[in-house]
Amino acid sequence: MKKFAFSLSKLMEVKDQQLSQEKEKLGEFRRKLSDLEKELEENRVKQKQTNNYYVAQMANGGLTVPEIQTTKNYIQRLRDEEQDIKENIEYAAQDVEFQVKMVVEITQDIKIMEKLKDKKIDEYNKMLQKDQEQFIEEFINTAKQMKNGNEG
């Protein structure tokens with residue numbers, strides 16, 4: 001009997017490679033999301049520090065009109081950046097979510113093929129065992145016939 005060969009083995013190899021690539025993309029998307037979240041936190045820290053500086057200087061009467069305007073402009077720019085970062089975080093989170101779905105889908109495809117392969121291996125082994133049993137039975141019958149032929 002010929003050696004077992006799974007007809008979908010090439011497709012499984014392609015799916016495994018695809019899974020590796022998609023997992024790599026997922027890692028990149030997660031790093032990007034993490035970087036954006038860090039950037040947002042840094043922006044918030046800058047806003048808080050600038051606000052604290054502004055309030056402290058205003059309480060001491062230590063800011064000139066141009067410094068007040070510059071500080072207010074800087075705070076507004078930080079707020080605008082915060083909004084941009086939040087939007088980018090939303091997009092990055094969507095990318096991560098989509099990529100997770102891709103990885104899950106490919107993983108499920110691979111598992112289905114693995115189960116099918118296992119089923120085919122079981123069928124092959126049963127067929128192999130049946131062939132071996134049939135061979136043994138034929139061997140015994142031939143041996144009996146030869147023995148009976150030698151006796152007669």
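Here a colleague asks a modeller how the descriptions of this structure were reached.

Colleague: What should I know before I start?

Modeller: This is a predicted model, in which local features need pLDDT of at least 70, side-chain atom pairs count only at pLDDT 80 or more, and totals for chains, interfaces and linings use all residues. Residues are numbered from 1 along each chain as its sequence is written, and side-chain values use heavy atoms, with hydrogens and water left out.

Colleague: How many helices and strands does the chain have?

Modeller: Two helices and zero strands. Helices (H or I, at least four residues) and strands (E, at least two) are DSSP runs, numbered from the N terminus.

Colleague: How do you know that the span of helix H1 agrees with its number of residues?

Modeller: The expected span is 1.5 Å times one less than the number of residues. For the 52 residues of H1 (residues 9–60) that gives 76 Å, and the end C-alpha atoms are 76 Å apart, so the two agree. Just after H1 comes Gly61, with a positive phi of about 70°.

Colleague: How does the radius of gyration of the chain compare with that of a compact globule?

Modeller: The chain has 36 Å, whereas a compact globule of 152 residues would have a value near 15 Å. The radius is taken over C-alpha atoms, and the globule rule is 2.2 Å times the number of residues to the power 0.38. Along its principal axes, the C-alpha trace spans about 130 × 20 × 15 Å.

Colleague: Why is Asn43 called buried or exposed?

Modeller: Buried means under 20% relative accessible area, exposed over 50%, and partly exposed in between (1.4 Å probe, protein chains only). Asn43 has 4% relative accessibility, so Asn43 counts as buried. This residue lies in helix H1. Leaving aside neighbours within four places in sequence, Asn43 is in contact (heavy atoms within 4.5 Å) with Leu78, Glu81, Glu82 and Ile85. Across the chain, buried residues make up 20% of the 152 residues.

Colleague: And what makes Phe4 count as buried, exposed or partly exposed?

Modeller: Phe4 has a relative accessibility of 25%, so Phe4 counts as partly exposed. Phe4 is found in the segment before H1. Apart from neighbours within four places in sequence, Phe4 is in contact with Lys117, Lys120, Ile121 and Tyr124. The C-alpha atoms of Phe4 and Lys126 are separated by 12 Å, although these residues are 122 residues apart along the chain.

Colleague: What share of the contacts joins residues 24 or more positions apart?

Modeller: Such residues account for 87% of the contacts in the chain with a separation of 6 or more.
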